[in-house]
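I am opening a notebook page for this model and will write down what I look up, one topic at a time.

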Amino acid sequence: MRVILVDDEAPARTILREYLQGEKEIRIVAECENGFEAVKAVAEHRPDLLFLDVQMPKLNGFEVLELLDPQPAVVFTTAYDQYALKAFEVHAIDYLLKPFSRERFQEALRKVQEKGSPVTKRTSARDLLETARVPDSFLDRILVKAGSSIHVLPVDRLDYLEAKDDYVAIHAEGEVHLKKETLGALAKQLNPRRFVRIHRSYILHLDCLAEVQLYAKDSRLVILVDGTKLPVSRSGYARLKELL
Amino acid sequence: MPPILARPQRLLFYLGAWLPVAGLLTTLLMGIAHFEVRAALSLALPQTLLFAFLGLMAWYPARALPYPQTALWTLLGSHLLAAVVSSSLWVACGRLWAPRFLSSIEEGLHPNPFDNHQTLFFTVGVLLYLLAVTLHYLFLSVEQTSQAKRRALEMQIGARDAELKLLRAQVNPHFLFNSLNAIHALVGNQPEQARAMCLKLGEFLRSSLQAGNSGNTDLQEEISLALAYLEVEKVRFGSRLQVRVDLEEACEKVRVPPLLLQPLVENAVLHGISHCLDGGEIRLRCRRQGEMLHLQVSNPRDPEAPRSRGQGLGLENVRRRLDSFFQGQAELQVKPTPKAFEVALLLPFPTGRTS
């Protein structure tokens, strides 16, 4: 089994290394200090298992998981974080609460070796992120993977989002980024007062709205500040009216 | 505005309370001026209403001349004057409109009681006015008592709150978790380091508890405490946490409230360094500038990191304790920039006299 350790704290990685020393079938192929390194390393080494710390700078464990495609089996490690713990409980994910004993560690390892991590089988990373989110808070940035690099898009810079089959095309400041995600899932996590679902296939960032036009008997469209025109459905228009 | 008018129910109650006075007036009119009931009532009611209004106005002088503070003579004199004026007004009004009220009830001519029995009604008016004034004073004193009680309660809650915050500053559970974890990690193949860390942690906790129990400490101690905290954090951050201390000797002996610096330094780690991919340097600077001591804690931060509320609360706590310790002479300034954060404390420098 090929394993990658991801934790920003050296002592935490040391522990994992120590605990894994006895395991004959396991080989550590990489150690990563942050989420960006982790995404690169997973793409490069294609590990079977990831030990993933949740609390890391810039990119937390859940966000890393979201960017991994395909996803290896994952065991999360965390110092106390009530929201992360809630997500784990809700989705029946196994996790290791720091500091953890060798026995506890081995227990988690066995579970993975026997049936593979539940994360990849039943729960998507997006669901995890959703449950782990601090209540009453909304997404303040969207992460997009492009090849081996990761783009962090603050939601303030978004213009609009468009559904494209399995992907969502995120239009931000003239650029387009593709993210493997459903529009509905993103709509749920964006602040509905600033990001309006104007159409089955479009979410508009309200700040970019220039005007709303009626172009046929019952059809409307919105014109953005940069001139782009997007269709508006009836329910979308109702939502728009409410906010304006 | 008189509190009576604050709520409609109160106004109705107030007016209701004047009904006995209407009754008194009616009796007077019947007894002395020999009126029939209807006539007496038709005059007494509007007159009472007028007096109720005048009585309401008595609230203003009552409030302007609070009882224990104002000299008794001033009090009596002012209210007596007001009573005379009000009663005169009242009687004058009575004289003016009594004929109109009376003629609307009966054909027969009634002599105007306010003309014939001026003195009587005037005296009654003065007494009633003084009664109204007394009632106002009563009301004011009741209100004062309840306000004082509320303020005392608020202060108690405030003190308890500060106590709790101080306790929490002394033993932060997250910090303990992290430290235990780091020690746990070191024990395996770096036992000497693990031991050293246990000692550092113990030292920090002991000093922290001590500082919390005393009313004040000197800046030198505070800096040691902050450094001890940072030593423990360095184990888990490794080279990502750098510390630089720049301390003028003159600053060491200044007395400050306990646990002033450690929360600021903790903030710098939790909200600054921990979000930076490559970490950074926390800088502690202290120098004397004229009459004031400038203490600065600065750290880098990630502009994209989420701003957490905890930081604001911690700063508020420090600010409040500074205010109370230095009686408003100290200042806490926050200088945020997108990529860095600086907290500056300006403390009065002791000028030789015991503080």
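Before I turn to the cysteines, I note the cut-offs: a residue is buried under 20% relative accessible area, exposed over 50%, and partly exposed in between. I also keep in mind that this is a predicted model, and every value below is computed from it.

**Cysteines.** I looked up B:Cys198 and found a relative accessible area of 42%, which lies between the two cut-offs, so B:Cys198 is partly exposed. For A:Cys32 I found 3% relative accessibility, and A:Cys32 therefore counts as buried. I then searched for pairs of cysteine sulfur atoms within 2.5 Å, and the count over all chains came to zero disulfides.

**Helix pair in chain A.** I next asked at what angle H1 (residues 10-21) and H5 (residues 102-115) of chain A pack. The angle is about 75 degrees, with the axes 11 Å apart. Because angles of 65 to 115 degrees count as roughly perpendicular, I describe H1(A) and H5(A) as roughly perpendicular to each other. On the side of H1(A), the contact is made by A:Leu16, A:Glu18, A:Tyr19 and A:Leu20, while H5(A) contributes A:Arg102, A:Phe105 and A:Leu109. Sorted by class, this contact has five nonpolar and two charged residues, and no polar ones.

**Helices H9 and H10 of chain B.** I placed B:Arg206 in helix H9 (residues 191-213) of chain B, and with a relative accessible area of 54% B:Arg206 is exposed. I also took the C-alpha to C-alpha distance from B:Arg206 to B:Leu225, which is 9.8 Å for two residues that stand 19 residues apart in sequence. B:Leu225 is one of the buried residues of H10(B), among them also B:Glu222, B:Glu233 and B:Arg236 as well as B:Ile223, B:Tyr229 and B:Phe237.

As a check on the length of H10 (residues 219-237) of chain B, I reckoned with 1.5 Å a residue, so that its 19 residues should span 27 Å; the end C-alpha atoms are 26 Å apart, which agrees. After H10(B) comes B:Gly238, and I noted that its phi is positive, near 60 degrees.

**A histidine in chain B.** Is B:His136 buried or exposed? I found B:His136 in helix H7 (residues 118-170) of chain B, and at 7% relative accessibility B:His136 counts as buried, because the cut-off is 20%. When I left aside the neighbours within four places in sequence, the contacts of B:His136 were B:Gly55, B:Leu56, B:Ala58, B:Trp59 and B:Ala62.

Conventions. Residues numbered from 1 in each chain as written. Chains lettered and ligands numbered in written order. Predicted model: local features only at pLDDT ≥ 70, side-chain atom pairs only at ≥ 80, totals over all residues. Heavy atoms only, no water. Axes fitted to C-alpha atoms, helices over the stretch in contact; angles between N-to-C directions. Helix = DSSP H or I, 4+ residues; strand = E, 2+ residues; numbered from the N terminus. Parallel < 35°, antiparallel > 145°, perpendicular 65-115°, else oblique. Contact = heavy atoms within 4.5 Å. Nonpolar A, V, L, I, M, F, W, Y, C, P; charged D, E, K, R; others polar. Buried < 20%, exposed > 50% of the residue type's maximum accessible area, 1.4 Å probe, protein only. Expected span 1.5 Å × (residues − 1).
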